[in-house]
Amino acid sequence: MADNNFEFLNALETPAWVLNESYTAVFHNAAAKKHLPTLCINGAVENIVHSYHKNDFTLAFSLGACIPLGIVDNLDTQLAIAPFNGGWLCMANSLVSTAAVSTPLQAIGNGLRGPISTIFSYLPLLTQHIAGPEVDIYLNEINRSCYSLLRLSTNLNLLTRLSGANGKEAPLLLSAVVANICSAANTLCANLNIPLYTSITPALCANINEPLFCNILTNLLLNAYTYTRPGNEITVTLEKNGGNICLTVTDKGLGMAAAVLENATELYFTANPVDGTPPGGAFAPAGLGLAIAKAGALQNGGSFELTSTPGVGTTARLCLPLANTAIGTLSSKTVNYLDNRFSPVFIQLSELSFAAGKVSKAKPGI
């Protein structure tokens with residue numbers, strides 16, 4: 001290969017491998033060894049790429065490809081491949097939970113994931129070939145656009161799966177999930193200068209799917225951060241109320257007009273929260289987040305309600321039946337949401353962070 005200096009890949013938090021023209025791995029970064037060690041031994045990645053190349057159209061492969069690896073830690077993992085220094089750069093991106101395609105919306109959501117994965121994987125290569133004072137601005141916009149599409153894809157897939165779930169989920173340790181998500185959000189959105197406070201009762205469990213609950217909370221935080229005004233602050237509480245667990249997200253943002261509040265949880269409803277006019281901008285909402293929150297609560301035997309006053313702020317309250325156990329499950333992915341740029345926190349909130357200009361040239365695509 002023309003250049004053996006691949007150390008820039010160690011700055012990435014995405015697993016990456018470099019293969020030469022003979023499909024032999026000559027480098028893997030620290031993230032690959034940490035998150036996907038089984039792909040770093042016994043020629044695993046080499047075999048995957050070589051097998052795909054033999055069965056795929058040569059022209060299409062030479063321009064890049066995206067190989068589905070199947071289920072890894074309950075996530076649908078893609079291996080994006082790009083031509084690099086006479087060989088190949090491979091990057092593993094775990095996007096969203098997989099499910100059989102059953103609706104047109106889900107097909108659209110699934111179809112977005114491959115191209116998004118490929119775009120993310122090409123970003124590190126761009127930084128090796130372009131330079132200048134405006135590079136960070138361009139990377140910001142690319143990242144922001146990718147995360148906007150990824151959020152839409154994730155929400156579409158989750159929405160379509162809600163109707164097929166049976167509502168019989170294992171107990172989830174909500175106290176730990178809420179604490180970890182809020183801690184990650186505080187770090188990721190620190191540049192927004194909007195304080196996020198928490199009051200969390202420990203050891204509270206409810207029977208709800210973890211990706212669904214994470215999506216609900218991060219969507220509520222996204223709204224609280226987005227519809228802001230000077231003096232805004234966000235407070236998240238988790239407490240026991242009789243036989244229920246209640247999650248409350250309160251902000252001191254713009255608030256919603258009565259006509260907007262009345263329809264806010266309707267599927268595909270979007271509006272400027274103050275005057276009800278259609279939202280503008282390049283990243284207008286799709287009207288999915290609050291609808292998912294309401295549907296998810298009802299499916300799991302709970303309730304969801306909104307209260308809001310224009311110029312004062314909004315409170316969202318999700319209540320779920322208390323699980324009859326003192327021990328709830330907690331996936332390893334939940335422990336540190338900032339380790340995975342495809343975690344719920346990154347997917348839902350990174351668009352805000354990049355919009356505010358938070359990007360590191362050393363970590364493109366993160």
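Modeller: In this predicted model, the expected span of a helix is taken as 1.5 Å times one less than its number of residues.

Biologist: How do you know that the length of helix H6 agrees with what its 15 residues should span?

Modeller: Helix H6 covers residues 174-188, and at 1.5 Å a residue it should span 21 Å; because its end C-alpha atoms are 21 Å apart, the two values agree.

Biologist: Why is Cys182, which belongs to that helix, called buried?

Modeller: Buried means under 20% relative accessible area, and Cys182 has 3%, so it is placed in that class. Other buried residues of H6 include Val178, Ile181 and Ala185.

Biologist: What makes Cys246 and Cys319 a disulfide?

Modeller: The rule asks for a pair of cysteine sulfur atoms within 2.5 Å, and the S to S distance between Cys246 and Cys319 is 2.5 Å, which meets that limit. By this rule the count comes to one disulfide.

Biologist: Why is this disulfide called right-handed?

Modeller: The torsion about the S-S bond of Cys246 and Cys319 is about 105 degrees, and therefore the disulfide is right-handed. Since Cys246 lies in strand E10 (residues 244-251) and Cys319 in strand E12 (residues 313-321), the pair ties together parts that are 73 residues apart in sequence.

Biologist: How do you know whether these two cysteines are buried or exposed?

Modeller: Set against the cut-off of 20% for buried residues, Cys246 has a relative accessibility of 1% and therefore counts as buried, and Cys319, at 10%, counts as buried too. Cys90, at 0% relative accessibility, is likewise buried.

How values were computed:
Residues numbered from 1 in each chain as written. Predicted model: local features only at pLDDT ≥ 70, side-chain atom pairs only at ≥ 80, totals over all residues. Heavy atoms only, no water. Helix = DSSP H or I, 4+ residues; strand = E, 2+ residues; numbered from the N terminus. Buried < 20%, exposed > 50% of the residue type's maximum accessible area, 1.4 Å probe, protein only.
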